[in-house]
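Here's a quick tour of a protein model for the bench. Have a look at the structure first, then read on for the charged pairs, the empty spaces and the overall layout.

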Amino acid sequence: MYQRHLPAAVLVLAVAALTGCSSSPASSTAKPAGAQNLHAQPAGHAAGGGSLPTGPGPQARYTVQKQPARGTCHYRFTPAKEPLPDPACTPGAVSPAVTQANLKQTICNPAGYTKGIRPPVAVTGPEKTANAASYGYKNSLHDAEYDHLVSLELGGDPNDPRNLWVEPPSPGHQPGRGPNNPKDQVESRLHTAICSGQVQLRDAQQAIATDWTSALSRFRIK
């Protein structure tokens with residue numbers, strides 16, 4: 001209500017400044033240490049800072065989700081040639097159904113949790129094909145995993161497109177033998193650390209979304 005007392009020139013400058021601002025989470029995040037771009041990334045688009053997006057959570061009936069446009073996502077690779085997703089396309093997304101307060105009822109439930117919330121292949125199959133086009137992945141889809149960046153056992157959202165990417169094989173892969181994904185071991189050990197109280201849920205989620213290859217060392221987990 002104070003703007004009407006300001007000179008016109010000041011108002012013009014203020015409007016111009018506001019127009020150029022952006023509060024997008026993807027533009028405010030920091031690039032993971034040691035990651036290298038395979039292709040040039042838009043300035044400011046990197047993973048690691050701020051809170052992760054929250055997805056819709058488990059659904060009684062999943063539907064095929066729209067993926068980023070063809071060729072708009074670009075893999076990054078660590079110095080050891082391990083693949084990382086494009087943080088602008090795949091920043092990770094967490095499930096609102098999993099919180100620090102209900103771990104024993106959800107991901108730390110001995111009776112199991114992830115099997116009952118996993119989307120069916122009828123949904124993830126078409127998504128995987130479309131996401132491969134998003135990332136320009138042209139090798140065998142049999143050897144690539146359609147992977148939750150924040151895994152279900154860490155409270156990741158089951159079918160938010162921001163949390164799923166076609167993950168290429170890691171070094172040492174033999175073509176035709178399916179995915180070889182050392183990220184799975186990282187997820188399992190982080191899950192154990194969460195359920196034992198060694199690591200807080202949100203910290204683990206942020207770490208694996210930022211750079212799964214350094215997530216364990218961040219918490220000194222061997």
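Let's start with an arginine: Arg162 is partly exposed, with a relative accessible area of 32%. This is a predicted model, by the way, so treat every value below as computed from it. Arg162 pairs with Asp160 in a salt bridge, and we'll pick up the rest of the charged residues from there.

**Salt bridges**

- How many salt bridges does the structure hold? The count is three.
- In the Asp160–Arg162 pair, the closest N and O atoms sit 2.7 Å apart. Arg162 is partly exposed, whereas Asp160 is buried, at 6% relative accessible area.
- Asp147 makes a salt bridge with Lys183, and here the closest N and O atoms are 2.8 Å apart. That pair ties together distant parts of the chain: Asp147 belongs to strand S4 and Lys183 to helix H3 (residues 183–195), with their positions 36 residues apart.
- Lys183 also forms a salt bridge with Glu187, with 2.4 Å between the closest N and O atoms. These two are four residues apart in helix H3, so about one helical turn separates them.
- Put those together and you get a salt-bridge network of Asp147, Lys183 and Glu187.
- Are the members of that network buried or exposed? Asp147 counts as buried because its relative accessible area is 3%, under the 20% cut-off. Lys183 is buried too, at 0% relative accessibility, and Glu187 is also buried.

**A buried aspartate without a partner**

- Side chains of opposite charge can pair when their charged atoms come close.
- Asp86 is buried but has no salt bridge. Its nearest side chain of opposite charge is Arg76, 6.0 Å away, which is beyond the 4 Å limit for a salt bridge.
- What does the side chain of Asp86 reach? It reaches the backbone nitrogen of His74, at 3.0 Å.
- To find Asp86 on the model, look in the loop between strand S3 (83–84) and helix H2.

**The largest pocket**

- The largest pocket holds about 300 Å³ of space.
- Its lining has 15 residues, and Arg118, Glu145, Tyr146, Asp147 and His148 are the ones nearest its centre. Asp147 is the residue that also takes part in the salt-bridge network.
- Which elements each supply at least two residues of this lining? They are helix H2 (121–135) and strand S4 (145–148). S4 contributes the most, with four residues.
- By class, the pocket lining has six nonpolar, four polar and five charged residues.

**The cavity**

- Rolling a probe the size of a water molecule over the atoms shows where empty space is left.
- The count of cavities of 30 Å³ or more comes to one, and the largest cavity holds about 40 Å³ of space.
- Its lining includes Asp143, Ala144 and Glu145, along with Glu167, Pro168, Pro169 and Ser170, and then Pro179, Asn180 and Asn181. Glu145 also appears in the lining of the largest pocket.
- The cavity lining divides into four nonpolar, three polar and three charged residues.

**Overall layout**

- The protein has five helices and five strands.
- Along the sequence, they follow the pattern α-β-β-β-α-β-β-α-α-α.
- Of the 222 residues in the protein, 43% are buried.

Definitions and conventions: Residues numbered from 1 in each chain as written. Predicted model: local features only at pLDDT ≥ 70, side-chain atom pairs only at ≥ 80, totals over all residues. Heavy atoms only, no water. 1 Å grid on protein atoms, 1.4 Å probe; cavity = no way out; pocket = protein on both sides within 12 Å on 5 of 7 lines; lining within 4 Å. Points joined across faces, edges and corners; volume = space filled by probe spheres on them. Nonpolar A, V, L, I, M, F, W, Y, C, P; charged D, E, K, R; others polar. Buried < 20%, exposed > 50% of the residue type's maximum accessible area, 1.4 Å probe, protein only. Lys, Arg positive; Asp, Glu negative; His and termini not counted. Polar contact = N/O pair within 3.5 Å; in protein donor to acceptor, adjacent residues only side chain to side chain.
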